[in-house]
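Me: Could you walk me through this model, starting with a pair of packed helices and ending with the protein as a whole?

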Amino acid sequence: MLAMLAKRADSLLIKCVDAGLAGVLFVVPMMMGGRIAAGQLVLITLSLWVAVCWCLRQCLAPRAAWVRSPAGPLMLVALVLAAVQFMPLSPSLLAAISPKLAKTLPLWTSGVEGTTTIDVWSTLSLTPAATRDSFIVLLAFALLLLTTLQRLRQVEDVERLLRWVAVAALAMAGFGLIQHFTRNGKYFWFYQYPFASTNGRVAGSFTNRNHFAQFIALGIGPLIWWLQSEWRSKRTRNREITVGLLAIGLGVAVFAVLMALSRGGSAALLVAAVVCLIILYRGSLVGRNTLLTVAGVGLLVVASLSIYGYEAVARRLDDFGSVRELNSGGRLRLWRADAEVIADYPLAGTGLGSHRAVCPMYLHDATNAVGLEYTHAENGYVQVAMESGVPGLLLALAAVGLCVFWCVSSIRGGDPPQNPRVLLCFAAIAASLAANFLHAIVDFVWYVPGVMVVVVVLAACACRLWQLSRGKPREAARVLWIPRGGWMAATVCLVVVGALMVHNRLIAARAEPFWHRCLVLGRNLANHEAPDRPEKLNAMLENLSATVRWEPDRARAHAWLAAVHLGLFDEPQNPSVAAITVKQLSDTVAHDPQLQSPDALDAWLSRAFPERRRHLDAALHHARTAVALCPLLGENYLFLADLSFLAGSYTPRRAAFVDQALIVRPFDGSVLFAAGQEAAMAGKPEEAVQFWQRSARTGPAHQRRLAKVLIGSGRLPADVVLDIVQPDVPTLRWIRWQYHKLGRKDELSVFDERLAAASQAQARTSQGESACGYWLEAAKAYRRLQRSAESLRCLRRAVESDFSQCAARYELGTLLLELREFDEAEKHLRWCLQRKPRDEEVRRQLEAAIDGRLKKGDMLLSRPVFLGTRGVDDTTKEPVRFVIPRQ
């Protein structure tokens, strides 16, 4: 009886493990590729599920086997390396392992002119919270890998997983295409992801089309394996139907990858197909049926593309080998910056998950990166080396090398010779792994859990197939027998550790919806002069407070909270309250001797700002918390500098905070602007101008802020302001408008000259509508300068650039009207009226052109018509004119 119950329990637990593995392959990718906290929660839960179920199953026997593999020690070393990064270390050990930290964080390693309120930094990771979260995900992958290795006991188990991978890829391809053809901009037709939409691209449930294409490319090898297995199958019933359906499925998968318009994904697809077919050919497994199937799939894909998407795919895949295309999105510039990080932190890296925070320190040319945030390195190998140092890169290369060894050594054959069934499996696995390892060179596919679950499962399949193909004697030597007590202890440890892991991702999943709302609101707040700014700030405050309530370790949320509280202090909602910025308040306190004692300052702040005082205290608290969680958030040091008067003498001086901000964010516009202000107050005008000019080069927003300060001084002429700011065309137009509002019209000609020159320079490097807009801008500037010839030239170039732009043709028509070129003016104005039949101004200008043409014609009719000459006058010796007077 007990034996029967044990057997049933054993069967049930194996089914539970298989269900968990199926969930990992099918559910995790559907959770936005596993890149959101909810997807990581599902991954961790399912990995723990399969591990605990397997341990419980092993507890049923007095002693149970543990299959050893090289993957186990490798994962253990990787976990230790990751754990060391976020564990507190002594200052001496920290300095020995990562000496660059002391130079990067001087405000954290020594007091700056007195006692500092900032703690001494004690971890190798510059983002310890993010590193801890990455460690938890890495631990989930380790559990998944090790449990899968134990579950695979025979070739049939490997074939089952390959079949699941193929089905998962087909399901994702079908879902992606259906979602694309019925798109409404939202994922699953109801979920609005703040960073991406489904408009104009095939991405399935992934946030990035490259990752969608990679996921399907991972299924190409298993799909070809399944097709070939069916052709080789001896069963006759429904075989042709199954093969036909699989061939159609393969065609759909290829079509979906091409429709994703992913160059890297298309290359990965090609690599997977070529590697698989080469291995099949080498094993003499490519027959007539295989070739016919491949040809049929190709025809299906071509027919599908001819119906939909051929031009877009052809344009996207036109030049694979172009260096310019390789650098799309700034890859080469990003890799150069990451290489500098690796050189500065070679032994332990900057911490898993730190790329977003560390990269801005090394991106020298910030002009082209305005509005961009590089969360990843666009190269798996580079990012591993950056975040975990050279040891981490060696571990990653060792893992890749092991997978290559398992596949190549088995495919090449040996003793005993490889049977076709195992060789077929290796062809599918090697193809998928090759596609992943090569795609990782140009994308961060290793940091997408939805993709890596497939890679981990396939790596486990490769390892076990290699072990099984070595024969039973060698298999027996790899087995380690562990008593029941050991399995029970492992189960308890998994439950305890698993509870902590699930709790970590559960609170992140609860906080994430609030954080995503903040990201959307933050995008809308980019316009600093929005009329509903106070309402949006309050909405931000509510969602950010909910975010940190659920997830207190989210550094960016604390940083944004500090900024929001300062914004609410600077912009009181009560119009009767005098507006004063924190910077002005700090200067007031610094120059008032009666406010130097903490008690006097506290009493004065409570009286002067009874409702807004809380925003100051909250901003100080969140700014401190933000830099404690991530000391690379440069703008928060500026907040601490402005709020340093609240802490009295127990804080570094203001300049120390600015210097620290300048070290961690040397190319940030706000930090550079603050450094310029600090230099100006210190009596260093030349240094201040240099900082301000560097700040202005980081983007239009910083150009406008600098221009406001310079214009507000009222002492600088327009040409000096422009030389300092060096604005782009939109900012130049904005500065001109500010001078116009101030009534300084005598200086507007300076702006028009600069605007005309800058617009023409931009137009010559642009095309189409963009070039037309710049030529039009230059023409308007010349027209204000009363230089009609140059204006006419620019307007003609504008119309040549884009003949369909009504604004350009209208401006050209009105200028021609002024120049009394009525015929050409009428042509352009009549074209504009056809596009805007209800525009009365266009109609009046057209009537004026017609009237001018008619009057000009009447004047010509009133003149005599010269027809030629008839002979020579004998007296004057000049030709005699022959004319007919007009009536």
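Reply: Happy to! This is a predicted model, and a good place to begin is the pair α9 and α10, which are roughly antiparallel to each other.

Me: At what angle do helix α9 and helix α10 pack?

Reply: Angles over 145 degrees count as roughly antiparallel, and α9 and α10 are therefore placed in that class. Their axes lie 10 Å apart. The packing angle between α9 (residues 209-232) and α10 (residues 239-259) is about 160°.

Me: How do the residues of the contact of α9 with α10 divide into nonpolar, polar and charged?

Reply: α9 passes α10 in a left-handed crossing. On the α9 side the contact includes Phe-212, Ile-216, Leu-223 and Trp-231, and on the α10 side Val-243, Leu-246, Leu-250 and Val-257 are among the residues involved. Arg-239 of α10 and Glu-230 of α9 also take part. Taken together, the contact residues come to 17 nonpolar, one polar and two charged.

Me: Is α8 parallel or oblique to α10?

Reply: The axes of helix α8 (residues 155-181) and α10 come within 9 Å and cross at roughly 55°. Under 35 degrees would count as roughly parallel, so with that crossing α8 is oblique to α10.

Me: And how many charged residues are in the contact of α8 with α10?

Reply: The crossing of α8 past α10 is left-handed. From α8 the contact takes Leu-170, Ala-173, Leu-177, His-180 and Phe-181, and from α10 it includes Gly-249, Val-252, Phe-255 and Met-259. The tally is 10 nonpolar and two polar, and the number of charged residues is no charged at all.

Me: Which residues in α37 does α35 meet?

Reply: Helix α35 (residues 768-784) and helix α37 (residues 806-818) pack at about 30°, with 10 Å between their axes; they are therefore roughly parallel to each other. α35 passes α37 in a left-handed crossing. Cys-772, Leu-776, Lys-780 and Arg-783 in α35 meet these residues in α37: Ala-807, Ala-808, Glu-811, Thr-814, Leu-815 and Glu-818.

Me: How many of the residues in the contact of α35 with α37 are charged?

Reply: Lys-780 and Arg-783 come from α35, while Glu-811 and Glu-818 come from α37. Lys, Arg and Glu count as charged. Beside five nonpolar residues and one polar residue, the charged ones number four.

Me: Let's zoom in on single residues. Is Gln-58 buried or exposed?

Reply: Gln-58 sits in helix α2 (residues 37-59). Leaving out residues up to four places away in sequence, Gln-58 touches Ala-64, Ala-65, Arg-153 and Trp-487. Its relative accessible area is 3%, and the cut-off is under 20%, so Gln-58 is buried.

Me: What separates the C-alpha atoms of Phe-609 and Phe-569?

Reply: Phe-609 lies in the loop between α25 (598-608) and α26 (613-629), and it is buried, with a relative accessible area of 8%. Besides Phe-569, the contacts of Phe-609 beyond four places in sequence are Ile-580, Leu-585 and Trp-604. Phe-609 and Phe-569 are 40 residues apart along the chain, and their C-alpha atoms are separated by 9.3 Å.

Me: Stepping back, what share of the residues in the protein is buried?

Reply: The secondary structure comes to 39 helices and four strands. The protein exposes about 41500 Å², with carbon and sulfur atoms supplying 60% of it. Of its 887 residues, the buried share is 51%.

Terms used. Residues numbered from 1 in each chain as written. Predicted model: local features only at pLDDT ≥ 70, side-chain atom pairs only at ≥ 80, totals over all residues. Heavy atoms only, no water. Helix = DSSP H or I, 4+ residues; strand = E, 2+ residues; numbered from the N terminus. Buried < 20%, exposed > 50% of the residue type's maximum accessible area, 1.4 Å probe, protein only. Contact = heavy atoms within 4.5 Å. Areas by Shrake-Rupley, 256 points an atom, 1.4 Å probe, with all protein chains shown as cover. Axes fitted to C-alpha atoms, helices over the stretch in contact; angles between N-to-C directions. Parallel < 35°, antiparallel > 145°, perpendicular 65-115°, else oblique. Left-handed = near helix turned anticlockwise from the far one by under 90°.
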